[in-house]
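Please open the model in your viewer, show it as a cartoon, and keep a selection panel at hand. The tour goes from one selection to the next and says at each stop what is to be found there.

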Amino acid sequence: MKDIKLIAMDLDGTLTQHKTPLSALQRQVLTALSQKYKLLMVGAGQVMRIFNQLEQFPIDIIGNYGLQCGTYNHRTGEMEMIRDEVLPCDRESVSARIAMLREKYGFTEFAGESVEFHPSGCVTFPILGTKAKQEDKLAFDPDRSKRRKIYDDVVNTFSDYCVFVGGSSSFDMAPKPRDKYYALDVYCKEHGYKHSEVVYIGDDYGLGGNDESVYKSDFNYLTIDNYLDFPKVVAELLAEVDVDYWTQSPKNVFVAAHRGWRSKYPENTMEAFRAALDLGVDQIETDVRVTRDGKLVLIHDATVDRTTNGTGNVEDYTLEELQKLDAGNGTKIPTLIDLMELVKDYPTLTLDLELKEYPTEGRVELSHKVCDEIIKIVEEYGFGDRVVINSFHGDLLEYVVDTYGPKYRLHTFYPPRYVRQPTRDIYPDAYCACVFGITKGEVSIEEAKEFGKKYDVRLWAGSYAKDEESIDLAVAMGAELITCDNPDEVLAILRKKGLHR
């Protein structure tokens, strides 16, 4: 795998279930892979259908076995068709041959049309008809044995087509020589790739499968039998990637789930974190406190009163006692380790960890110790380059810099009045600053831009950026990340504007 430059892959069954959207985890895996390898989708369907199923993920796409080819334009965020061939089809001949096969094998009862003719010139023989019920199609031939039994006869009958055992109850046919090997070979010739520099990942490599031609060729091939295993299948390739986790920009605005998906689920719970990950957020923001027995837990307030069915200070509870409380919907207050275990397999996810144990009188040593323990856990999980350390207290920000130097990204706030009791200007040491007051006119767009430029600080927006109007203000300011309570809506708005990839 050391020489691989291009990763080509199938979609349905390889990355997703049949015609279902790309999951957040698979999207993160592809995003990480794209930092080292060129990615290419090789599909049987049309390019734009595949692109929409991928929810506009930036990738080149071959469709209809090479009759179509689209290139993703990273500047516009659009798919540009560079090839869209339409081949003639003798519909009368095709219909007669399918009628003969139906008569021969008893497939004479069907719903809808007997044949599906595609605009490209490709053909589908839907054994149960074009309007068959989904449950009937799924039950017809789940292991493909019925179709493989007659496959050779269909191939001989359609000797002018490449024939594939397609979908759940059909045969797909593309005019020769168009199959996935042909399509991938043409792409390689057009883009200067050797076959030895390509690996193809597919699930349909058995007799008549539309990946079979690549499987039996000189291309490198990785087999996958369950799309959920895709991250494991590409683990060796992923290990070669030196991932840049911080690729946000004003044209690719990251979304951080503030205490998880807080607008829909109990805040700072595993339920809220999982739901946010399923949406495809780029970052999880959370708050870390310490229990009486020294365990790190995720809760915003100093007391449990607002977010649980209990009362009293977090620090007066042991972890065992805390986790007997209901944090909403029957969920428990999680630990930092719980969160790390959840997110460790998301290869591009970042974390924003807010230090909530402030160095008030008599608590300076405890505050610094908690900070050290948080960083220790971060390092144990290999997340050192994937976190920002965040606090509203100047002492804690200064402690991180003085103790660890520039190793950890520092998250601060603007205007300065939001940073408590600093002893010096912390902005020169900051990686990013959440800018408040933009929507209320307290800070102008020009002032925010000037602040970011002066200190070379990346500008982020807080949970006030929650609808189109406020998001437009954040974008105008130059925000590269939005920390929000409603990540579903914010993601949808940004994607509609072409500002989240």
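Which residue stands opposite Leu481 in β20? Select the two together, bearing in mind that this is a predicted model, and you will find that the residue opposite Leu481 is Trp460.

**First stop: strand β20 and its partners**

Now extend the selection to strand β19, residues 458-461, which is joined to β20 by 2 bridges, the two strands running parallel. Add strand β12, residues 254-258, and you have another parallel pairing with β20, this one over 4 bridges; within it, Ala257 has Cys484 of β20 as its bridge partner. Strands of a sheet pair through backbone hydrogen bonds, in either the parallel or the antiparallel sense, so a display of backbone atoms is useful here.

Next, turn on the side chains of β20, which covers residues 481-484. Leu481 and Thr483 point one way from the strand, while Ile482 and Cys484 point the other way, and all of them are buried. Such alternation between the two faces of the sheet is what a regular strand shows.

**Second stop: an open antiparallel sheet**

Select β6, β7, β9 and β8, which in that order form an open sheet of 4 strands with antiparallel pairing. The edges are β6, at residues 116-117, and β8, at residues 161-166, each of which pairs on one side only. Starting from the β6 edge, look for the 2 bridges that join this strand to β7, residues 123-126, in the antiparallel sense; at one position Phe117 has Val123 of β7 as its bridge partner.

Then add helix α3, residues 91-105, which lies across β6, β7, β8 and β9 (170-175) and runs at about 25° to β7. Helix α5, residues 145-157, also packs on the sheet, where it touches β8 and β9, and its direction makes about 170° with that of β8.

**Third stop: the second largest pocket**

For the last selection, take Thr31, Ser34, Phe57, Pro58 and Arg501, which lie nearest the centre of the second largest pocket, among the 26 residues that line it. The space in this pocket amounts to about 540 Å³. Colour α1 (24-33) and β2 (38-42), the elements that give two or more residues to the lining; the largest share, 4 residues, comes from α1. If you then colour the lining by class, you will see 10 nonpolar, 10 polar and 6 charged residues.

Methods
Residues are numbered from 1 along each chain as its sequence is written. This is a predicted model: local features need pLDDT of at least 70, side-chain atom pairs count only at pLDDT 80 or more; totals for chains, interfaces and linings use all residues. Side-chain values use heavy atoms; hydrogens and water are left out. Two strands pair if DSSP finds at least two bridges between them. Contact means heavy atoms within 4.5 Å. Axes are lines fitted to C-alpha atoms, for helices over the stretch in contact, and angles run from 0 to 180 degrees between N-to-C directions. On a 1 Å grid over the protein atoms alone, a cavity is a set of points where a 1.4 Å probe fits but cannot get out, and a pocket is an open set with protein on both sides within 12 Å along at least five of seven lines; lining residues have an atom within 4 Å of a point. Grid points are joined across faces, edges and corners, and a volume is the space filled by probe spheres set on the points. Ala, Val, Leu, Ile, Met, Phe, Trp, Tyr, Cys and Pro count as nonpolar, Asp, Glu, Lys and Arg as charged, and the others, Gly among them, as polar. Buried means under 20% relative accessible area, exposed over 50%, partly exposed in between (1.4 Å probe, protein chains only).
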